[in-house]
Every structure is written in C-alpha cells, then in structure tokens.
Amino acid sequence: MPLKYNLTKYDTLNSEVHKLSARAIGAQPKSFDDEDNVLVFKAVLIASFSSGHSWQTHKYLISETQRLESPEVKEEFRRAITGKWKDITPFDIKEVAGMKISDTVFSEWLFFNVDKSQFNFCKRAWAELKKEFCTDCDATVLRVNTL
C-alpha cells in the first residue's frame with residue numbers, strides 16, 4: 001500500500017534550507033551566489049523572528065513596545081546569521097508566517113540590526129517570504145512502498 005505524505009510550503013522551504021546548509025562550507029552566507037544568499041536570508045529571518053531561536057526579538061515584534069534596537073535583538077540576529085539559520089524547522093516557518101509583521105516594523109528591525117551591505121538580500125528575502133506566506137499551495141507526495 002502506498003504511503004502518502006502531505007508536504008506543506010513550510011516543509012518545502014525547510015528542505016531547501018537544509019539542503020543548502022548541508023553543502024555550506026562555512027556558517028557565513030558570503031560564499032553563496034545571489035539565489036543561495038536570498039535563501040539563507042529567508043532562513044536567517046525565520047531564525048531571527050521565531051520564538052524558538054530568538055525569544056527577545058519575537059517578543060518585541062509582537063508587543064506594543066518594540067525595542068528592536070536593543071543589544072539582545074542584535075545578539076539574536078548575530079546568532080541567526082552565524083549558524084542558527086541552519087536549525088530552523090517547519091514549525092518556526094509557520095510561526096513567523098502567522099506573525100503578520102508590518103513592513104514598517106521590518107524596516108525598523110532591518111535598520112537597527114542588519115549590516116547595510118546585507119540590506120538588499122534581506123529585503124528581497126522578506127519580500128519573497130511574504131509572498132510565499134500568502135499562497136495556499138501545499139503539495140502531496142505519493143511514495144510507493146517497495147518492501
């Protein structure tokens with residue numbers, strides 16, 4: 001009897017990130033081409049905004065009093081870009097997708113925490129993530145059991 005797996009868009013993105021991290025030489029995204037860099041920054045944003053990886057940032061993003069310039073938020077971003085991006089899960093992606101972060105709040109976070117040389121990759125990754133979060137395209141994969 002065939003086994004059926006429901007793969008969500010979160011599973012697909014997570015799989016792409018983990019394939020990229022498996023072939024990564026170092027933890028820094030500097031050694032990748034542009035497309036890979038955008039994928040890395042998608043993962044960095046997920047790691048930076050999810051409660052499982054960056055509790056202070058997550059708390060400030062969903063609260064009324066945002067302190068996105070705090071040293072804790074800067075440190076969480078530093079950890080996300082130096083390796084936490086490799087550890088994201090579909091649950092982290094789903095959590096960030098449901099946060100409804102405004103462009104204004106994202107821009108504020110970007111300004112205070114991201115090096116200006118990385119702005120373009122971050123902005124492009126954010127735009128693509130927002131677009132992916134709005135689509136309802138999930139896939140079903142049928143795997144035939146060969147036992």
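By exposed I mean over 50% relative accessible area, and by buried under 20%. I will use both words throughout. What you have in front of you is a predicted model.

I start with helix 5, residues 90–97. Its buried residues are Pro90, Asp92, Ile93, Val96 and Ala97. They span an arc of only 160° around the axis, so they sit on the same side of helix 5. The face turned away from that buried side carries Phe91 and Lys94, which are exposed. What lies over the buried residues of helix 5? The cover includes helix 1 (9–22), helix 2 (34–49) and helix 7 (119–134).

Now the chain as a whole. The protein chain has seven helices and two strands. Along the sequence the pattern reads β-α-α-α-α-α-α-α-β. Of the 147 residues in the protein chain, 41% are buried. Taking contacts between residues at least 6 apart in sequence, 77% join residues at least 24 apart.

Next, helix 6, which covers residues 103–113. The buried residues here are Val105, Phe106, Trp109, Leu110 and Asn113. Their arc around the axis is only 140°, which places them on the same side of helix 6. Thr104 and Phe111, on the other side of helix 6, are exposed. The buried residues of helix 6 pack against helix 2, helix 3, helix 4 and helix 7.

One of those partners deserves a closer look. Helix 4, residues 71–81, packs against helix 6 at an angle of about 85°, and the two axes are 10 Å apart. Angles of 65 to 115 degrees count as roughly perpendicular, so helix 4 and helix 6 are roughly perpendicular to each other. Which residues make this contact? From helix 4 they are Val73, Lys74 and Phe77, and from helix 6 they are Trp109, Phe112 and Asn113. Sorted by class, the contact of helix 4 with helix 6 has four nonpolar residues, one polar and one charged.

On to the core. The largest nonpolar core has 41 residues, and those touching the most other members are Val44, Leu45, Phe49, Ile101, Phe106 and Trp109. Helices 1, 2, 3, 4, 5, 6 and 7 each supply at least two residues of this core. Which helix gives the largest share? Helix 2 does, with ten residues.

Phe106 is one of the buried residues of helix 6. Leaving aside neighbours within four places in sequence, Phe106 is in contact with Leu45, Phe49, Ile101, Cys122, Lys123 and Trp126. Leu45, Phe49 and Ile101 also appear in the list of core residues that touch the most other members.

Leu45 comes up again from helix 7, where Leu129 lies. Is Leu129 buried or exposed? Its relative accessible area is 0%, so Leu129 is buried. Not counting residues up to four places away in sequence, Leu129 touches Leu13, Lys42, Leu45 and Ile46. How far apart are Leu129 and Leu45 in sequence and in space? They are 84 residues apart in sequence and 9.1 Å apart in space, C-alpha to C-alpha.

A second long-range pair involves Lys9, in helix 1. Lys9 has 17% relative accessibility and therefore counts as buried. Lys9 and Phe133 are 124 residues apart along the chain, with their C-alpha atoms separated by 8.5 Å.

I finish with two loop residues. Gln118 lies in the loop between helix 6 and helix 7. Its relative accessible area is 14%, so Gln118 is buried. Apart from residues up to four places away in sequence, Gln118 touches Phe41, Phe77 and Ile81. Phe77 is also among the helix 4 residues that meet helix 6.

The other is Lys100, in the loop between helix 5 and helix 6. Lys100 has 70% relative accessibility and so counts as exposed. What is notable about its backbone? Lys100 has a positive phi of about 55° although it is not a glycine.

How values were computed: Residues are numbered from 1 along each chain as its sequence is written. This is a predicted model: local features need pLDDT of at least 70, side-chain atom pairs count only at pLDDT 80 or more; totals for chains, interfaces and linings use all residues. Side-chain values use heavy atoms; hydrogens and water are left out. Axes are lines fitted to C-alpha atoms, for helices over the stretch in contact, and angles run from 0 to 180 degrees between N-to-C directions. Angles under 35 degrees count as roughly parallel, over 145 as roughly antiparallel, 65 to 115 as roughly perpendicular and the rest as oblique. Contact means heavy atoms within 4.5 Å. Ala, Val, Leu, Ile, Met, Phe, Trp, Tyr, Cys and Pro count as nonpolar, Asp, Glu, Lys and Arg as charged, and the others, Gly among them, as polar. Buried means under 20% relative accessible area, exposed over 50%, partly exposed in between (1.4 Å probe, protein chains only). The arc is that of the directions from the helix axis to the C-beta atoms. A nonpolar core is a set of buried Ala, Val, Leu, Ile, Met, Phe, Trp, Tyr and Cys residues joined through side-chain atoms within 4.5 Å.
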